[in-house]
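Subject: Structure for your files

Dear colleague,

Here is the structure you were expecting. Please look it over before reading on.

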Amino acid sequence: MKVAITLLVVVCVLTSSIDAKKKNKKNKRGQVQAQILNGEEENSADTCAKVCSGTTGRRVTDYQNYSDGKNVYVDVDMTGCGFAKIPNVVISVEGSSSHWVAQGTSSVYNTTPTSFRVYLNNDKAGVARGNLNAEGYKWNIDWVAVGFTC
């Protein structure tokens, strides 16, 4: 179910980009833009729409212990995207093993124009915090954000 929802959102983002190409919507630099139908805040001009993506990186994601000592959270920095308003963010946990059992793999918390947080129940997956970045697991957060830069 989570994969289907993630794929649906990615298809919607790609469709928006294709629609923008068909309509020849371009920004000041002549680049084709994405179209954002709605978001957390009032929309800006279509020429301010931006798609930005990233990853926390295999073996380098900075997992922090949650207060229960069994689970983790990750603060994701997206300052480089230059969003002026809260973007729509879609995430997925990527890795080599056991992330399919984890909970929270598509839940985004406390989104701001520059960051968001992800809580992962790695204890249910039977993976200790110290092993998440290890050779056998390589858990990391892949994300796509769509928002306004002005």
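Below are notes on the fold, the disulfides, the nonpolar cores and the cavity.

Please keep in mind that this is a predicted model.

Fold

The chain holds 1 helix and 6 strands. Read from the N terminus, the order of elements is α-β-β-β-β-β-β. Of the 150 residues in the chain, 35% count as buried. Taking contacts in the chain between residues at least 6 apart in sequence, 67% of them join residues at least 24 apart.

Disulfides

Searching the whole structure turns up 2 disulfides. With the bonded cysteines of the chain numbered in sequence order, they pair as 1-4, 2-3.

One disulfide is between Cys48 and Cys150, with an S to S distance of 1.4 Å. The link of Cys48 and Cys150 is left-handed, with -40° about the S-S bond. Cys48 sits in the loop between helix 1 (2-23) and strand 1 (49-55), while Cys150 is in the segment after strand 6, so this pair ties together parts that are 102 residues apart in sequence. Are the two cysteines buried or exposed? Cys48 has 5% relative accessibility and therefore counts as buried, since the cut-off for buried is under 20%. Cys150, at 48% relative accessibility, counts as partly exposed.

The other disulfide is formed by Cys52 and Cys81, whose sulfur atoms are 2.1 Å apart. The torsion about the S-S bond of Cys52 and Cys81 is about -75°, so this disulfide is left-handed. Cys52 belongs to strand 1 and Cys81 to the loop between strand 3 (72-77) and strand 4 (88-94), so the pair ties together parts that are 29 residues apart in sequence. Both Cys52 and Cys81 are buried.

Nonpolar cores

The largest nonpolar core has 22 residues, and the members touching the most others are Tyr63, Met78, Ile91, Phe116, Leu120, Trp139 and Trp143. At least two residues of this core come from each of strand 3, strand 4, strand 5 (115-120) and strand 6. What does Tyr63 contact, leaving aside its neighbours within four places in sequence? Tyr63 is in contact with Val72, Tyr73, Val74, Leu120, Arg129, Leu132, Asn133, Trp139 and Asn140.

Another core, of 5 residues, lies apart from the largest nonpolar core. Among its members are Ile36, Cys48, Ala49 and Phe148. Cys48 is thus a member of this core as well as a partner in the disulfide with Cys150.

Cavity

How many cavities of 30 Å³ or more are there? The count is 1. The largest cavity contains about 60 Å³ of space. It is lined by 14 residues, and those closest to its centre are Ile36, Gly39, Glu40, Ile86 and Phe148. Two of these names, Ile36 and Phe148, also appear in the core of 5 residues. Strand 6 (residues 140-148) contributes the most to the lining of the largest cavity, giving 3 residues. Sorted by class, the lining has 5 nonpolar, 5 polar and 4 charged residues.

Regards

Methods: Residues are numbered from 1 along each chain as its sequence is written. This is a predicted model: local features need pLDDT of at least 70, side-chain atom pairs count only at pLDDT 80 or more; totals for chains, interfaces and linings use all residues. Side-chain values use heavy atoms; hydrogens and water are left out. On a 1 Å grid over the protein atoms alone, a cavity is a set of points where a 1.4 Å probe fits but cannot get out, and a pocket is an open set with protein on both sides within 12 Å along at least five of seven lines; lining residues have an atom within 4 Å of a point. Grid points are joined across faces, edges and corners, and a volume is the space filled by probe spheres set on the points. Helices (H or I, at least four residues) and strands (E, at least two) are DSSP runs, numbered from the N terminus. Ala, Val, Leu, Ile, Met, Phe, Trp, Tyr, Cys and Pro count as nonpolar, Asp, Glu, Lys and Arg as charged, and the others, Gly among them, as polar. A disulfide is a pair of cysteine sulfur atoms within 2.5 Å. Buried means under 20% relative accessible area, exposed over 50%, partly exposed in between (1.4 Å probe, protein chains only). A nonpolar core is a set of buried Ala, Val, Leu, Ile, Met, Phe, Trp, Tyr and Cys residues joined through side-chain atoms within 4.5 Å. Contact means heavy atoms within 4.5 Å.
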